[in-house]
Amino acid sequence: MCYTIQHMKILVLNGPNLNLLGMREPELYGDRTYADLVAFCGRIAAGSGVDVDVRQTNHEGTLVDWIQEARGTFDALVLNAAAYTHTSVAVLDALKATRIPTAEVHLTEPKSREDFRRVSYVGMAAEKTFSGRGFESYADAIRYFAAKGA
Ligand code: DQA
């Protein structure tokens, strides 16, 4: 008898300017780089017994494509849509269309920053939001799905 253990697969998507972590407003986002974030998510996933695929794009349409393609391939989505969080009905519609279980994440706490960051289209479709804890926001989201079983 041969058993294959299927790990939960989580897609971690990052939106615009997150590739500039480390040099981007370090007083807000810290001095660790995007590569550090990818490695961090990998370590958290390994420790939680799940698989992660971590990606970043500056393009709204690419985020929509990746959300659509996630259907049937990934069990859950951890999404930091960055500025598109506050503007993108297209991202919201993709989340609603695919109905993939989604956790919204942010490094900072958008609701305690400028007024225009108070609206979250992603939050209208996400089942949970983890924010304000730097890289730990991603750890919280990955562990949330690992514990829940998506
Ligand atoms: C962010 C918060 C957003 O308001 C901002 O546009 C970002 C990053 C965060 O992770 O704190 O680019 O999503």
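This report describes the ligand site, aromatic pairs, salt bridges and unusual backbone angles of a predicted model.

## Ligand site

The ligand is surrounded by Arg24, Tyr29, Asn80, Ala82, Ala83, His86, His106, Leu107, Thr108, Arg113 and Arg117. Among these residues, Thr108 places a polar side-chain atom 2.5 Å from an oxygen atom of the ligand, and Asn80 likewise has a polar side-chain atom lying 2.8 Å from a ligand oxygen. Ala83 takes part through its backbone, a polar atom of which is 3.2 Å from an oxygen atom of the ligand. The ligand exposes 320 Å² when taken alone, and the protein buries 99% of that area.

## Backbone at Ala82 and Asn17

Most residues other than glycine have a negative phi. Ala82, one of the residues around the ligand, has a positive phi near 50 degrees. Ala82 is found in the loop that runs between strand E3 (76–80) and helix H4 (89–98), and with a relative accessible area of 11% Ala82 is buried.

A positive phi is also computed for Asn17, where the angle is near 75 degrees. Asn17 belongs to the loop between strand E1 (8–14) and helix H1 (26–29), and its relative accessible area of 34% makes Asn17 partly exposed.

## Aromatic pairs and Arg32

The structure has three aromatic pairs. In one of them, Phe40 and Phe135 are tilted with respect to each other, with 50 degrees between the ring planes and a centre-to-centre distance of 5.4 Å. Because Phe40 lies in helix H2 (residues 34–48) and Phe135 in helix H5 (residues 135–148), the pair ties together parts that are 95 residues apart in sequence. Both Phe40 and Phe135 are buried.

Arg32 accompanies both rings of this pair: its charged end sits over the ring of Phe135 at 3.9 Å from the centre, and also over the ring of Phe40 at 6.0 Å from the centre. Elsewhere, ring pairs link Phe130, Tyr144 and Phe145 into a cluster.

## Salt bridges

Six salt bridges are found in the whole structure. One of them joins Asp140 to Arg133, with the closest N and O atoms 2.8 Å apart, and Arg133 is partly exposed at 46% relative accessibility. Salt bridges with shared partners also join Arg113, Glu114 and Arg117 into one network; Arg113 and Arg117 are, in addition, among the residues around the ligand.

Another salt bridge is formed by Asp53 and Arg55, whose closest N and O atoms are 3.0 Å apart. Asp53 is partly exposed at 27% relative accessibility, and Arg55 is partly exposed as well, with a relative accessible area of 21%. Between Arg118 and Asp115, which also form a salt bridge, the closest N and O atoms are 3.5 Å apart. Here Arg118 is partly exposed, with a relative accessible area of 47%, whereas Asp115 counts as exposed with a relative accessible area of 61%.

Methods: Residues are numbered from 1 along each chain as its sequence is written. This is a predicted model: local features need pLDDT of at least 70, side-chain atom pairs count only at pLDDT 80 or more; totals for chains, interfaces and linings use all residues. Side-chain values use heavy atoms; hydrogens and water are left out. Rings of Phe, Tyr and Trp (its six-membered ring) pair if their centres lie within 6.5 Å; planes under 30 degrees apart count as stacked, over 60 as edge-to-face and the rest as tilted. Helices (H or I, at least four residues) and strands (E, at least two) are DSSP runs, numbered from the N terminus. Buried means under 20% relative accessible area, exposed over 50%, partly exposed in between (1.4 Å probe, protein chains only). A charge sits over a ring if NZ of Lys or CZ of Arg is within 6 Å of the ring centre and within 35 degrees of the ring normal. A residue is near a molecule or strand if one of its heavy atoms lies within 4 Å of it. A polar contact is a pair of N or O atoms within 3.5 Å; within protein, one must be able to donate a hydrogen and the other to accept it, and residues adjacent in sequence count only if both atoms are side-chain atoms. Accessible areas come from the Shrake-Rupley method with a 1.4 Å probe; for residues, only the protein chains shown count as cover. A salt bridge is a side-chain nitrogen of Lys or Arg within 4 Å of a carboxyl oxygen of Asp or Glu.
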